[in-house]
Amino acid sequence: MTKRVFHHSRARGRGRSVRRTGASVSGTMGNWVSSLVSAMCAEREKRRVADRALDLYTNDAMAHGVMESLVVEAVGIGQTPCFSPRLDLLGRSPEWGEDYQRQALTLFERWGLDCRKWCDAQRRSTFYGLQALAYFGWKLDGISLFQVVSRPDPLRPLSLALLPIDASRLVSPRSASAEIYDGIEIDADGQPIAVWLRKPGERAQCVNDAQCTRHEIWDARTGLPKLLIVGDVRNISEYRQDSILGPIIKEIRDSNDFVDAALVGALVRNLFVLFVEDMSTGGTNRDTPLEERVLELDKGTVLQGAAREKPQFFSHSAAPNGYQELFGGIVDRVGMATGRGSESVLRRFQASYSASRANIEKAEQYNEYERSILNTTFNQPALAWMQYEGALRGHLPVGAVDMEEHLFEYTRCDFMPQPFRHIDREKISKANTLDLASNTNTLARIHGEGGRDWREELTQRAREKKFIAELEAQYGVSFEAQDMKLSGGKKDEEEDD
């Protein structure tokens, strides 16, 4: 097995941050052999793992399904912004806050959801699509990069656009005097201050300053990042994580070998062997050469036997015994590595209702955590830039100077995840009713999870009720729904059985 280790460095009189050199660890648990290698070698191994993960995603059904499932579960149709400026700190009225929220949401829809895809510098995805791309790159490559660029166009509501950058362009140049790890330059405290990218067309693994470009991360005027670096922190000396497929590459490859063996076994079992006994007196006998007595066909073999020869047939068992058990063990390990469990990996919930629901809820805990990382590293800074330019252009009811001085208070935003797919919709409807009655939930959150504005939903519902009342009065009919007989408390027990 291979593993990287880290050690502290006191270079330049600094002991507060960590310098990663990397290590190769091999052997058994009882006898590990450790050898220190250079940082460049460790980064090269990390890139190699990312390349292998991309190959698996492209060519392997299990890896492809795992990655697509993670994206659909964590991001799905998108995380809807719910603009919530700090009115108490700004000294603004609730009426002003509602007006700001409406104008900010309108600006977001024009910039981020327009089919002309103004938010994407490549004009390939809406903002929700960029969310999925950011999450996918983080999970597959260990890091995801987006550059904040300006694309002036009279048709655009904003010149702001996000340019996706391939993580393979991250590089640590050999001739640079600064401290650079994983292609990210840091200061004395370990804070990322710049990103080094390989120039287009450069394919060499080891490059110098002339073969790459340096891009500063932070904007001096606003403090917002000009480069959005999507990723989590698991080691203070690493700025790029490993691919989520890294720990399970062997399991995925083993599953392919088991499938191939099972297919070969199935083919062998379906081949026939026919024994034809020659009853003539001058035909085949025991002295006839074997190649003249065996006839190979596409579907099987014909054996020409001599008189009084008794055929003996053997059953084929070329397929690996216990294939389902082996495959189940691989799926269990894949489920542990992704944190979602084997049932979520297979999309096959065969346990009881309570056990399946517990599995789904546990997987949702991982999704919620990963959404929080995506919010702080991608969603929040991107929409902070949007609101900042919106204030500069007069699209929002706030001045440019006031926006700069109170950037956080104005650009504060919550992000509602996609609607949770419930097993029992009746139960969740009852739960929402109880939560609203006990003031433990809000219409803004319930409708926001579906990407809808609660004010518009209530207004639409009021229109429908008014129209229904008018029809009832005009035609003398009633559209009142009959009382539904709700199931009793034994439903869960019956489902569990």
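In which loop is the place of serine 159? In this predicted model, serine 159 is situated in the loop that joins strand S6 (144-150) to strand S7 (160-165). Serine 159 counts as buried because its relative accessibility is 11%, which falls under the 20% limit for that class. When residues up to four places away in sequence are not counted, serine 159 touches Val149, Ser150, Arg151 and Pro152, as well as Glu389 and Arg393.

The confidence of the prediction varies along the chain. The average pLDDT of the chain is 80, and 78% of the residues score at least 70. Among the elements of the chain, S7 has the highest mean pLDDT, at 97, whereas the lowest, at 40, belongs to strand S1 (residues 7-8). The pLDDT is below 50 over residues 1-25, a stretch that nevertheless has 71 contacts in the model beyond near neighbours in sequence. Residues 482-497 also form a stretch over which pLDDT stays under 50, and here the model has 14 contacts beyond four places in sequence. Where pLDDT is low, the predicted coordinates should not be read in detail.

Aspartate 414 provides a link between distant parts of the sequence. This residue is found in strand S16, which covers residues 413-416. The C-alpha atoms of aspartate 414 and phenylalanine 83 are separated by 6.3 Å, although the two residues are 331 residues apart along the chain. Apart from neighbours within four places in sequence, aspartate 414 is in contact with Thr80, Pro81, Cys82 and Ser84. Aspartate 414 is classed as partly exposed because its relative accessibility is 34%, a value between the limits of 20% and 50%.

Side chains of opposite charge can pair when their charged atoms come close. The count of salt bridges in the model comes to 13. In one of them, arginine 86 pairs with aspartate 88, with 2.8 Å between the closest N and O atoms. Arginine 86 is partly exposed, at 25% relative accessibility, while aspartate 88 is exposed, with a relative accessible area of 55%. Another salt bridge joins the side chains of arginine 116 and aspartate 114, at an N to O distance of 2.9 Å. Here arginine 116 is partly exposed, with a relative accessible area of 39%, but aspartate 114 is buried, with a value of 15%. Arginine 371 forms a salt bridge with glutamate 364, in which the closest N and O atoms are 2.9 Å apart; both arginine 371 and glutamate 364 are buried. In addition, a network of salt bridges links Glu73, Lys139, Arg340 and Glu370.

The count of disulfides, by contrast, comes to zero. Two cysteines illustrate opposite surroundings: cysteine 115 is exposed, as its relative accessible area is 68%, whereas cysteine 212 counts as buried, at 6% relative accessibility.

On the surface, a nonpolar patch is formed by Ile468, Tyr475, Val477 and Phe479, which together have about 400 Å² of accessible area. Isoleucine 468 belongs to helix H15, which covers residues 454-475. With a relative accessibility of 31%, isoleucine 468 counts as partly exposed. This residue can therefore be included in the patch, since membership requires over 30% relative accessible area.

Methods: Residues numbered from 1 in each chain as written. Heavy atoms only, no water. Patch = residues over 30% accessible without salt bridge, like charges linked within 9 Å, V, L, I, M, F, W, Y side chains within 5 Å. Areas by Shrake-Rupley, 256 points an atom, 1.4 Å probe, with all protein chains shown as cover. Salt bridge = Lys/Arg side-chain N within 4 Å of Asp/Glu carboxyl O. Helix = DSSP H or I, 4+ residues; strand = E, 2+ residues; numbered from the N terminus. Buried < 20%, exposed > 50% of the residue type's maximum accessible area, 1.4 Å probe, protein only. Contact = heavy atoms within 4.5 Å. pLDDT = per-residue confidence, 0-100. Disulfide = S-S within 2.5 Å.
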